[in-house]
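Student: I should like to work through a protein model by question and answer. Could we begin once the sequence and the structure are in view?

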Amino acid sequence: MVLTMDSPIPRYLRQALENARPNDSGELASYIDVLAKADPSKMAVALSTVDGNLYSAGDDTVEFSIQSISKAFVYALAIKDAGLPQVLQKIGVEPSGDAFNKLSLQPGTNRPMNPMINAGAIAAHTLVVGENATAEQRVDRILEALSELAGRNLQVDEEVYEAELKDANRNMAIGYMLKAAGIISCDPQEAVRGYIRQCSIKTNVRDLAVMAATLSNAGVHPVTGKQIMPHQSARQVLSVMTTCGMYDAAGDWLTRIGMPAKSGVAGGIIGTLPGQVGIAVFSPKLDERGNSVRGVQIFEQLSSDMGLHMMDISQVARATVRTGTMTITGGADQPHQCEQVVPTFSLRGAVRFVGSERLTRAIMREFSPPNPADPGSGQHRRACAVIFSLKDAYSLNYVAQRIIGEDIRLLLEAGKNVVVIDPAEVLRMEGNPAFSSKSPVVVNTEAEAFHYVGGHGCMPVSYSDGW
């Protein structure tokens, strides 16, 4: 039987959405009339690895205004255009502990406390292109940069822009405060109008996950491989997001979820685990701090299940995946003593989401129909047996158990003989729903695996590494 593999990861993301759906608490952003009319039932989640694989679930193509999530990327753009020393002269990096729209400046320096509150974000906006640039030049530059990050042409939601501009008195007051303090030199109203247009850019969770993954990937776009922003800029943005990105909930977020993040009042949140993934969620109802209620819950589940907390010490020993083929000669009880080419997948270290996701991609590549754009893919789709080696893996967290279990279940359902080398029993068999109807053969050594596949007395002839 030829197997067409479907990744179990989207199914897991769909389940995370359904787990959060009963939570109907929170309120829509009533102070912006367009956002007050948003459909509260909409929910979506997307995840992008740093090597460009994107997974999503729910209302993943529904567009919403980026709002304060733009602050992270415009801060990076300001650093790129003006240089970090000049940016630091104008904007601090300390958590404020205040609401995002507080009219306050840092004592002694008159700088905004950080670029994630409105005062700092308006100041960062004026540093894009240059202090003498027009509002149109700044917005065009920002729209072009965010479009490059998203991988498609983004647009401003004019309805949201007009709605926010109608009630922009507080932001206008912040603009005049910055002008009086000497932080900005342009017209305050022009700066605030540009900032509001920046916040009105339309995105979806798929865009934002790739944008977040670019930050996670030291400024290198995960799909195009282009260096979008300097490594130093990405590091600076992630550092400030860690301590300031969730406003006065930043400490609670960091201890519970443990990754740099930024939220927006339209219901979006992005999070990044440096070097691994970018995540975006969307659900419009907000808590009292302006963060998506369901979005926070989804992030908490993903962080817990996938082991994404950046302070988790087990991240020190990240998993590696090795793929290859083992050619085995038939044993004495096989009449033709023919050779079999058996795909092998070996895992090493602490296996979490990233390791299990890479394993899933390797399996999909080997067993799905050949892809003309990927030479070598599909070459083992007719193989009768598969060997998984977990002898060098010392732990599989919850999501790794689930994903790897689903991978094995699909192979078993396709009629493959699956052998798992697992002397330490890191793969849970009992109670694993993937194995409720059929289980793989579990052995302790490679020799036992070879004997099961090739018969008693079989011999390994050769081993070759894959990708």
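Student: In this predicted model, what distance separates the end C-alpha atoms of helix H10 (residues 205-216)?

Tutor: Helix H10 has 12 residues. At 1.5 Å a residue they should span 16 Å, and the end C-alpha atoms agree with that expectation. The distance between them is therefore 16 Å.

Student: How many residues of H10 are buried?

Tutor: Buried here means under 20% relative accessible area. Among the residues of H10 that meet this cut-off are Val 205, Asp 207, Leu 208 and Met 211. H10 is mostly covered, and of its 12 residues the buried number is 11.

Student: What length does helix H14 (residues 353-367) reach from its first C-alpha to its last?

Tutor: Helix H14 has 15 residues, for which 21 Å is expected at 1.5 Å a residue. The reach in the model is close to that expectation, at 21 Å.

Student: How many residues of H14 are buried?

Tutor: The buried residues of H14 include Phe 353, Leu 359, Ile 363 and Phe 367, and also Glu 357, Arg 361 and Glu 366. H14 is mostly covered, and of its 15 residues the number buried is 11.

Student: Turning to the sheet, in what order do the strands of the open sheet of 5 strands lie?

Tutor: The pairing in this sheet is antiparallel. Strands E1 (residues 44-49) and E2 are joined over 5 bridges, E6 and E7 over 6 bridges, and E5 and E6 over 3 bridges. The order of the strands is E2-E1-E7-E6-E5.

Student: Which strands of that sheet stand at the edges?

Tutor: An edge strand has a single partner strand, so one side of it is left without a neighbour in the sheet. From one strand to the next, the twist averages 10°. The strands at the edges are E2 (54-58) and E5 (261-263).

Student: Which residue in E2 stands opposite Ala 44?

Tutor: E1 and E2 pair in the antiparallel sense. Opposite Ala 44, the residue in E2 is Gly 58.

Student: Is strand E6 (residues 268-273) mostly covered or mostly exposed?

Tutor: Side chains in a regular strand alternate between the two faces of the sheet. In E6, Gly 268, Ile 270 and Thr 272 point one way, while Ile 269, Gly 271 and Leu 273 point the other way. Both groups are buried, and with 6 of its 6 residues buried, E6 is mostly covered.

Student: Which residue takes a positive phi in the hairpin of E5 and E6?

Tutor: E5 and E6 pair in the antiparallel sense, with Lys 262 opposite Ile 270. The hairpin has 4 residues between the strands. The residue with a positive phi, near 110°, is Gly 267.

Student: What is the phi of Gly 275, in the turn of the hairpin of E6 and E7?

Tutor: Leu 273 stands opposite Val 277 in E7, and 3 residues lie between the two strands. The phi of Gly 275 is positive, at about 85°.

Student: Asn 291 is in the loop between strand E7 (277-282) and helix H13 (293-306); why does it count as buried?

Tutor: Leaving aside neighbours within four places in sequence, Asn 291 is in contact with Met 246, Tyr 247, Ala 249, Ser 263, Lys 285, Leu 286 and Val 296. The cut-off for buried is under 20% relative accessible area. Asn 291 counts as buried because its relative accessible area is 1%.

Student: What is the relative accessible area of Asn 110?

Tutor: Asn 110 lies in the loop between helix H4 (84-90) and helix H5 (118-127). Its phi is near 65°, a positive value in a residue other than glycine. Asn 110 is partly exposed, with a relative accessible area of 38%.

Student: What is the relative accessible area of Val 129?

Tutor: Val 129 is in the loop between H5 and helix H6 (135-150). Although Val 129 is not a glycine, it has a positive phi of about 70°. Val 129 is partly exposed, and its relative accessible area is 39%.

Student: What handedness has the β-α-β unit of E10, H15 and E11?

Tutor: Strand E10 (residues 385-396) and strand E11 (residues 417-421) run parallel and are joined by 5 bridges, with Val 386 opposite Val 418. Helix H15 (residues 398-413) completes the unit with these strands, and the unit is right-handed.

Key. Residues numbered from 1 in each chain as written. Predicted model: local features only at pLDDT ≥ 70, side-chain atom pairs only at ≥ 80, totals over all residues. Heavy atoms only, no water. Pairing = 2+ DSSP bridges. Axes fitted to C-alpha atoms, helices over the stretch in contact; angles between N-to-C directions. Right-handed = clockwise from strand over helix to strand, strands pointing away. Buried < 20%, exposed > 50% of the residue type's maximum accessible area, 1.4 Å probe, protein only. Expected span 1.5 Å × (residues − 1). Contact = heavy atoms within 4.5 Å.
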